[in-house]
Amino acid sequence: MTAAGAAAATFPLPQANAASSARVNYPSNRLANVQDLKVDEPLKVSYPDNEAPGVLLKLGKRVKDGVGPDSDIVGFSTTCPHKGFPLSYNKSDRTLNCPGHYSRFDCEAGGQQIWGQATQNLPQYVLRVDAKGDIYAEGVDELLYGRLSNVL
């Protein structure tokens with residue numbers, strides 16, 4: 001095999017489990033109750049501390065990692081992972097959008113980046129709902145912007 005042939009050869013890399021790539025469990029924190037949420041009306045929250053703004057969303061349809069009676073409640077950081085701009089929710093396409101460099105994140109697909117300059121998906125909260133309908137956050141699946149690690 002020539003050097004050019006070797007350079008052009010590609011080998012598939014093992015795929016890492018995306019769900020465990022940066023997930024960190026934080027102390028459980030009650031964010032709201034399912035009755036506090038209305039479809040496509042974001043509820044502002046902070047998690048894992050007051051310096052980390054976020055949002056809870058009731059999407060009105062079952063989504064992967066959704067919680068609640070309809071498996072349609074998700075939560076995300078509202079700080080863009082690219083440069084830290086605050087994100088806003090667009091209910092017409094259920095995305096969180098950055099005004100800085102136009103990154104867009106799909107809330108129905110776990111905060112997957114669908115456009116823009118960001119280099120990671122949007123941090124999504126690991127949520128659970130108890131028997132009374134209280135929504136608790138228990139972790140985050142990506143590194144929060146501005147932190148060297150997901151450690152309090």
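Visitor: Where does P48 lie?

Guide: In this predicted model, P48 sits in the loop between β2 and β3.

Visitor: And the peptide bond from Y47 to P48, cis or trans?

Guide: The bond from Y47 to P48 is cis, and its omega is near 10°.

Visitor: How many bridges join β2 to β3, the strands around that loop?

Guide: There are 4 bridges between β2 and β3, and the two strands run antiparallel. One of the residues involved is S46, whose bridge partner in β3 is P53.

Visitor: What is the strand order in the open sheet with β2, β3 and β4?

Guide: The order is β2-β3-β4, an open sheet of 3 strands with antiparallel pairing. The edge positions belong to β2 (43-46) and β4; each has a single partner strand, so one side of each lacks a neighbour in the sheet. On average, neighbouring strands in this sheet are turned by 30° against each other, with direction ignored.

Visitor: Remind me what holds strands together in general?

Guide: Strands of a sheet pair through backbone hydrogen bonds, in either a parallel or an antiparallel arrangement.

Visitor: Now the open sheet with β1, β10 and β9: what order does it have?

Guide: That open sheet of 3 strands follows the order β1-β10-β9, and its pairing is antiparallel. Here β1 (24-33) and β9 (125-129) are at the edges; each has a single partner strand, so one side of each is without a neighbour in the sheet. The average turn between neighbouring strands of this sheet is 25°, direction ignored.

Visitor: Over how many bridges do β9 and β10 pair?

Guide: Strand β9 and strand β10 (residues 134-140) pair over 5 bridges in the antiparallel sense. Within that pairing, R128 has Y136 as its bridge partner in β10.

Visitor: Which residues of the largest nonpolar core touch the most other members?

Guide: The largest nonpolar core has 17 residues, and those touching the most other members are L31, Y47, L56, I73, Y125, L127 and I135. Two or more residues of this core come from each of the elements β1, β9 and β10. Apart from this core lies another, of 15 residues, which includes L87, Y89, L96 and C107.

Visitor: Let me stay with L31. Which residues is it in contact with, leaving aside its neighbours within four places in sequence?

Guide: With those neighbours set aside, L31 is in contact with V45, S46, Y47, L56, Y125, L127, I135 and A137. Among these, Y47, L56, Y125, L127 and I135 are also listed with L31 as the core residues that touch the most other members.

Visitor: Change of topic: where is the place of T78, and is T78 buried or exposed?

Guide: T78 belongs to the loop between β4 and β5 (88-90). With a relative accessible area of 13%, T78 is buried.

Visitor: How far does a polar atom of the T78 side chain lie from the backbone nitrogen of G54?

Guide: The separation is 3.5 Å. Leaving aside neighbours within four places in sequence, T78 is in contact with P53, G54, V55, F85, P86 and L87. Of these, P53 is the bridge partner of S46 mentioned earlier, and L87 is among the residues of the 15-residue core.

Visitor: And P69, buried or exposed?

Guide: P69 counts as exposed, at 65% relative accessibility. This proline is in the loop between β3 (53-58) and β4 (73-77). Its C-alpha is 8.7 Å from that of V34, although P69 and V34 are 35 residues apart in sequence.

Visitor: Which residue in the turn of the β7 and β8 hairpin has a positive phi?

Guide: G110 does, with a phi of about 70°; the hairpin has 5 residues between its two strands. Strand β7 (residues 104-106) and strand β8 (residues 112-115) are paired antiparallel over 3 bridges, and the bridge partner of R104 in β8 is W115.

Visitor: What about D40: what phi does it have, and where does it lie?

Guide: D40 has a positive phi of about 60°, although it is not a glycine, and lies in the loop between β1 and β2. It is buried, with a relative accessible area of 15%.

Visitor: Is Y102 buried or exposed?

Guide: Y102 counts as exposed, at 57% relative accessibility. Y102 also has a positive phi, of about 70°, without being a glycine, and its position is in the loop between β6 (95-97) and β7.

Note on methods
Residues numbered from 1 in each chain as written. Predicted model: local features only at pLDDT ≥ 70, side-chain atom pairs only at ≥ 80, totals over all residues. Heavy atoms only, no water. Buried < 20%, exposed > 50% of the residue type's maximum accessible area, 1.4 Å probe, protein only. Pairing = 2+ DSSP bridges. Axes fitted to C-alpha atoms, helices over the stretch in contact; angles between N-to-C directions. Polar contact = N/O pair within 3.5 Å; in protein donor to acceptor, adjacent residues only side chain to side chain. Contact = heavy atoms within 4.5 Å. Core = buried A, V, L, I, M, F, W, Y, C linked by side-chain atoms within 4.5 Å.
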